[in-house]
Amino acid sequence: MEEAMACVSPTVAMEEADRLWAEAERTRQQRDHEAVLDYLQSCGAEGSGEGQWRLARACKDVALHLSDKKEKEKLLLRGLEHAKAGEAMDPENFKLALWKGIMYGQYSDFASIGDKVSGAAEIRDNFKRAIELNPADSEAKHCLGQWMFALADMNWVGRKASQVLGLKGTYEEALELFEASESDEPGRYLKNQYMIALCLKKLKRFAESKEWLDRIVMEPVNSPDDESTMVEANELLQNVIKKM
């Protein structure tokens with residue numbers, strides 16, 4: 001099997017990995033995400049930047065299924081190392097900057113408070129780097145928008161502590177990034193549309209928020225992520241209506 005994999009061109013191997021990943025995203029079954037990781041390991045994906053960011057993604061996907069915290073931490077750290085190694089191979093590849101930022105964020109759940117704070121800037125800077133390398137990438141803008149929103153949504157003490165360390169995010173900045181992501185790829189992420197509505201609600205722009213939410217609740221549900229987003233959107237819609 002491995003000898004046969006070695007005969008497959010890198011381009012074909014990555015296309016097959018993406019096909020397997022798309023199927024795993026559809027089913028959200030652990031065995032299907034594990035199949036993606038197994039395939040990438042068997043086809044020599046560690047030999048290229050394109051393979052390394054896919055390995056990082058696969059490690060994250062499998063880790064999210066694990067209940068054992070130590071095993072989960074180990075796999076997320078491995079994913080982060082894949083992203084770092086890939087960036088060393090291919091520093092101009094925006095996907096590696098994006099996935100290094102994502103993996104730092106995922107792994108931060110296991111870090112100390114001090115490491116989480118110091119790592120926040122690393123996450124932000126990697127998302128910014130991904131956008132610099134590919135200004136049309138909607139995913140990096142969405143991720144940076146989530147980072148900005150998380151800071152803006154902290155309590156007063158958290159915001160002040162973050163500002164002392166040079167970390168700042170506002171709902172306005174988050175909204176701008178989510179809108180830019182939507183402009184680049186309209187309708188790609190139902191979650192991105194929801195975040196636009198949520199930012200507008202936080203900014204007390206209730207009529208605009210409701211317009212987005214009315215649109216979202218009419219959208220088809222195509223994935224488990226869409227299902228959870230639809231629940232959130234319906235709850236937010238009721239909240240916004242009460243505010244109007």
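Student: Which residue forms a salt bridge with Lys100?
Tutor: In this predicted model, Lys100 pairs with Glu122, and the closest N and O atoms are 3.9 Å apart. The pair links distant parts of the chain, with Lys100 in helix H6 (residues 94–107) and Glu122 in helix H7 (residues 113–133), 22 residues apart.

Student: Is Lys100 buried or exposed?
Tutor: Lys100 is buried, with a relative accessible area of 11%. Its partner Glu122 counts as partly exposed, at 33% relative accessibility.

Student: How many salt bridges does the structure hold?
Tutor: The structure holds 21 salt bridges. Among them is the one between Asp18 and Arg54, where the closest N and O atoms are 2.8 Å apart.

Student: Which helices hold Asp18 and Arg54?
Tutor: Asp18 lies in helix H2 (residues 10–27) and Arg54 in helix H4 (residues 49–63), so this salt bridge ties together parts that are 36 residues apart in sequence. Asp18 is partly exposed, with a relative accessible area of 27%, whereas Arg54 is buried, at 8%.

Student: And what about Lys191?
Tutor: Lys191 forms a salt bridge with Glu232, the closest N and O atoms being 2.9 Å apart. This pair also links distant parts of the chain: Lys191 belongs to helix H11 (residues 190–202) and Glu232 to helix H13 (residues 224–243), 41 residues apart. Lys191 is partly exposed, with a relative accessible area of 28%, and Glu232 is partly exposed with a relative accessible area of 28%.

Student: Which residues are joined into one network by salt bridges that share partners?
Tutor: Asp18, Glu50, Arg54 and Arg57 are joined in that way.

Student: Changing topic, how many disulfides are there?
Tutor: The count comes to zero. Cys59, for instance, is in no disulfide, and the nearest cysteine sulfur, that of Cys43, is 13 Å away. Cys59 is buried, with a relative accessible area of 0%.

Student: Why is there no bond between Cys143 and Cys199?
Tutor: The closest cysteine sulfur to that of Cys143 is in Cys199, and at 14 Å it is too far for a bond. A disulfide would need the two sulfur atoms to be within 2.5 Å. Cys143 counts as buried, at 14% relative accessibility.

Student: What is Leu98 in contact with, leaving aside its neighbours within four places in sequence?
Tutor: With those neighbours set aside, Leu98 is in contact with Asn126, Phe127, Ala130, Asp137, Glu139, Ala140 and Cys143.

Student: Which members of the largest nonpolar core touch the most other members?
Tutor: That core has 65 residues, and Leu40, Leu98, Trp147, Phe149, Tyr194 and Leu213 touch the most other members. As background, nonpolar side chains tend to be buried together in soluble globular proteins.

Student: On to H10. Which residues are buried there?
Tutor: The buried residues in H10 are Tyr171, Ala174, Leu175, Leu177, Phe178, Ser181 and Glu182. They cover an arc of only 165° around the axis, which puts them on the same side of H10. Glu176 and Ser183, on the other side of the helix, are exposed.

Student: How many residues has H10, and how far does it reach?
Tutor: H10 spans residues 171–184, which makes 14 residues, and reaches 20 Å from its first C-alpha to its last. That is close to the 20 Å expected at 1.5 Å a residue.

Student: What does Asp184 touch?
Tutor: Asp184 lies in H10. Not counting residues up to four places away in sequence, Asp184 touches Pro135, Ala136, Asp137, Ser138 and Lys141. At 30% relative accessibility, Asp184 counts as partly exposed.

Student: How far apart are Asp184 and Ala120?
Tutor: They are 64 residues apart in sequence and 26 Å apart in space, C-alpha to C-alpha.

Student: Last topic, the backbone. What is the phi of Arg28?
Tutor: Arg28 has a positive phi of about 55° although it is not a glycine. Most residues other than glycine have a negative phi. Arg28 is placed in the loop between H2 and helix H3 (30–42), and is partly exposed, with a relative accessible area of 25%.

Student: And Lys204?
Tutor: Lys204 has a positive phi near 65°, and it too is a residue other than glycine. Lys204 is found in the loop between H11 and helix H12 (206–216). At 64% relative accessibility, Lys204 counts as exposed.

Key
Residues numbered from 1 in each chain as written. Predicted model: local features only at pLDDT ≥ 70, side-chain atom pairs only at ≥ 80, totals over all residues. Heavy atoms only, no water. Helix = DSSP H or I, 4+ residues; strand = E, 2+ residues; numbered from the N terminus. Expected span 1.5 Å × (residues − 1). Buried < 20%, exposed > 50% of the residue type's maximum accessible area, 1.4 Å probe, protein only. Arc of directions from axis to C-beta. Core = buried A, V, L, I, M, F, W, Y, C linked by side-chain atoms within 4.5 Å. Contact = heavy atoms within 4.5 Å. Salt bridge = Lys/Arg side-chain N within 4 Å of Asp/Glu carboxyl O.
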